Amino acid sequence: MCGIVGYIGTEDAKEILLRGLEKLEYRGYDSAGIALVNDEGVHVYKEKGRIATLRDVVDSSEEGSVGIGHTRWATHGPPSKVNAHPHRSVTERYTMVHNGVIENYEQLRREYLANVEMISDTDTEIVVQLIDRFAKEGSSTEEAFRKVLSLLKGSYAIALLDNNDAETIYVGKNKSPLLVGLSDGVNVVASDAMAMLHVTNEFVELMDKEIVVVTRDNATIKSLDGDVISRDSYIAELDASDIEKGTYPHYMLKEIDEQPYVIRNIISKYKTDDETIKLEEDIRQAMLDADRIYIIAAGTSYHAGLVGKQLIERIANKPVETHIASEFLYNMPLLSENPLFIFISQSGETADSRGVLVAVKELGYKTLTITNVPGSTLSREADHTLHTYAGPEIAVASTKAYTAQMAVLAILAVDTAKAAGITMNFDPLQELAIVANAMETLTDKKDVMEQIARDYLSVSRNCFFIGRAADYYVCLEGALKLKEISYIQAEGFAGGELKHGTIALIEDGTPVIGIATQEHVNLSIRGNMKEVVARGASPCMISMEGQEEEDDQLVIPHVHEYLTPLVSVIPLQLISYYAALHRDCDVDKPRNLAKSVTVE
Ligand code: M6R
């Protein structure tokens with residue numbers, strides 16, 4: 001969470017930083033700030049709220065070709081101007097922005113800063129005050145910076161300005177993402193390459209516990225001991241147009257619409273010239289060698305993992321457990337002898353998943369990350385990576401990443417089955433092509449989904465989604481989508497489980513959305529729907545061709561039974577989108593959330 005940027009060059013830093021922060025707003029949007037350096041020193045502007053609010057308070061005549069910026073997702077201290085970054089040291093010599101959580105900040109404060117009066121509630125302020133203290137005691141800024149970073153426990157990506165040296169930005173990282181961008185006489189710093197594509201597409205990746213001394217002409221990477229480290233830069237393969245909304249009113253709608261293209265893209269990336277599955281031999285072998293697979297993920301990616309379990313077990317006949325990342329280490333199951341851990345993460349940065357990755361690597365187990373961001377932390381640190389090729393997902397509510405994850409899991413399951421000599425009558429590449437067409441049919445029916453949202457969700461305070469088998473997993477995702485962007489209390493339930501308690505919540509007019517795509521449970525889910533209707537619920541049945549009944553509100557095109565979640569989720573995404581829109585919610589940036597959850 002939180003995004004940071006830095007710029008040192010020849011142009012007006014203020015506009016470059018603000019544009020960069022706008023691109024990072026998905027990482028947090030509680031408050032924002034920038035610091036600009038010019039001949040008169042360092043000038044800080046910060047405000048509670050979005051970058052648009054910050055823009056209003058930045059003095060448009062303030063010049064400066066060096067600066068740093070921050071957009072915050074609050075952890076220590078509520079969203080407020082005083083807790084907004086940048087933070088300054090007591091002497092105002094140092095100005096700093098930080099993404100991450102300093103776990104030992106209380107202890108550092110007691111040990112080193114007992115006499116310093118803190119201005120904010122943040123953990124960040126301890127760091128900048130401590131740098132100031134060590135500098136006062138005689139360390140150079142770089143020495144003080146390295147010394148303080150060696151004392152920190154937790155996660156950080158930091159950018160620091162020294163009022164006495166307007167020509168340098170000091171940056172450092174541990175666990176939180178950070179890149180340095182290079183250009184001619186210009187260097188930049190960003191949490192994500194997307195933020196600085198308007199300046200450069202050449203970046204250098206930083207590893208944990210490294211710092212970089214960034215000037216206009218150099219970016220020198222060093223260890224915390226001061227040893228210089230050399231590393232090649234790379235060209236970010238991102239198209240600036242991928243991260244623009246174009247004519248769409250919201251990223252979420254654009255990303256929902258992109259799903260058919262994403263699925264076709266996945267087919268092309270995972271297909272050999274002979275139309276068979278293309279997958280690295282090492283990954284195939286890791287799947288074959290595993291006696292049990294543990295899928296670890298959070299939120300929407302966890303829901304994709306539940307579908308993944310079904311796919312791998314049914315197709316490849318291999319046992320799979322899917323676990324919520326944040327619970328796994330506290331509630332670890334008995335592991336099999338030769339497990340493979342699969343991490344599913346759109347961002348590849350989720351701290352809960354990374355915590356598990358680090359722990360299971362220490363235990364010596366094999367790991368595979370399925371991610372949308374190949375250079376991300378989870379991708380770098382796992383033994384293998386499978387890319388979901390969904391393109392940047394900007395809206396906080398995940399849509400295309402979810403369907404892409406399930407598509408890749410289906411391909412992986414079939415590849416494993418084939419390598420194990422299992423014969424089957426299911427070609428995932430062909431079937432995914434049918435899925436892409438079905439998705440297109442549904443994204444063309446937005447008016448139907450808008451009407452459903454209007455009819456069922458314009459005034460209700462709660463909503464239930466019920467389904468069985470794979471449809472149950474889609475219900476969990478549909479409920480998450482609805483609650484996170486419309487703030488309607490929503491729950492996904494296995495159809496048969498309602499009568500064990502939750503049915504008590506059904507009253508006159510309670511919307512219940514049922515999913516019926518699976519032949520073997522069609523009758524039973526319809527029975528469950530009758531149970532809630534008998535208690536006053538307002539039913540909305542979404543079925544698949546072949547399973548439909550006359551009164552169903554929506555019938556989705558027929559696709560292979562293994563792949564129905566990729567299609568049945570589309571109406572749920574669109575219904576959530578319109579429900580949020582009708583309630584005037586901020587669809588792309590829902591309250592209290594951030595796209596990339598890099599704190600535990
Ligand atoms: O980047 P990840 O896939 O690891 O993120 C996991 C969750 O934070 C994420 O899926 C979250 O639940 C989405 N906002 C849901 O739309």
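Some 43 Å lie between the centres of domain 1 and domain 3, taken over C-alpha atoms. Even so, the two parts touch: 12 residues from domain 1 and 10 residues from domain 3 take part in the contact. The model is a predicted one, and its domain assignment splits the protein into domain 1 (3-241), domain 2 (248-443) and domain 3 (445-600).

Salt bridges come next. The count for the model is 35 salt bridges, and a few of them give a feel for the range. Take D132 and K136, whose closest N and O atoms are 3.7 Å apart. Both residues belong to helix α4 (residues 124-136), where they sit 4 residues apart, about one turn of the helix. The two ends of this bridge have quite unlike surroundings. D132 counts as buried because its relative accessibility, 3%, is under the 20% cut-off. K136, on the other hand, is exposed, as its relative accessible area of 58% is over 50%.

K446 and D257 make another salt bridge, with 2.8 Å between the closest N and O atoms. This pair connects distant parts of the chain, since K446 is in helix α15 (residues 446-457) and D257 is in helix α6 (residues 251-257), 189 residues apart. Here both partners, K446 and D257, are buried. By the domain assignment, K446 falls in domain 3 (445-600) and D257 in domain 2 (248-443).

A further bridge joins the side chains of D552 and R526, at 2.9 Å from N to O. D552 is in the loop between β24 (538-544) and β25 (554-556), while R526 is in helix α17 (residues 522-533), so the bridge ties together parts that are 26 residues apart in sequence. D552 is buried at 13% relative accessibility, and R526 is buried too, with a relative accessible area of 7%. Salt bridges can also share partners, and in this way K173, D208, R354 and E381 are joined into one network.

What does the side chain of S65 make a polar contact with? The partner is the side chain of R216, at 3.0 Å. S65 itself sits in the loop between α2 (51-57) and β4 (66-72). With a relative accessible area of 19%, S65 still counts as buried, because the cut-off is under 20%. Leaving aside neighbours within four places in sequence, the contacts of S65 include Y7, I8, G9, T10 and E11. A13, V37 and R216 are also among them.

A594 offers another look at a buried spot. This residue lies in the segment after α18 and is buried, with a relative accessible area of 8%. Which residues is A594 in contact with, leaving aside its neighbours within four places in sequence? They are M1, Y26, R27, G28, Y29, W73 and V396. A397 is 197 residues away from A594 in sequence, yet the C-alpha atoms of the two are 9.2 Å apart in space.

Out at the surface, L329, M332 and L363 make a nonpolar patch of about 250 Å². L329, one of the three, is placed in the loop between α10 (325-328) and β18 (339-345). L329 is partly exposed, because its relative accessible area of 38% falls between the 20% and 50% limits.

The backbone has some oddities as well. Most residues other than glycine have a negative phi, and most peptide bonds are trans. Against that background, the peptide bond joining H85 and P86 is cis, with omega about 0°. P86 is found in the loop between β4 and β5 (87-88). E275 has a positive phi of about 65° although it is not a glycine. E275 sits in the loop between α7 (259-269) and α8 (281-289), and at 52% relative accessibility it counts as exposed. N592 also has a positive phi, about 65°, without being a glycine. N592 lies in the segment after α18 (564-582) and is exposed, at 59% relative accessibility.

Conventions: Residues numbered from 1 in each chain as written. Predicted model: local features only at pLDDT ≥ 70, side-chain atom pairs only at ≥ 80, totals over all residues. Heavy atoms only, no water. Helix = DSSP H or I, 4+ residues; strand = E, 2+ residues; numbered from the N terminus. Buried < 20%, exposed > 50% of the residue type's maximum accessible area, 1.4 Å probe, protein only. Polar contact = N/O pair within 3.5 Å; in protein donor to acceptor, adjacent residues only side chain to side chain. Contact = heavy atoms within 4.5 Å. Patch = residues over 30% accessible without salt bridge, like charges linked within 9 Å, V, L, I, M, F, W, Y side chains within 5 Å. Areas by Shrake-Rupley, 256 points an atom, 1.4 Å probe, with all protein chains shown as cover. Salt bridge = Lys/Arg side-chain N within 4 Å of Asp/Glu carboxyl O. Domains from an automatic or database assignment.
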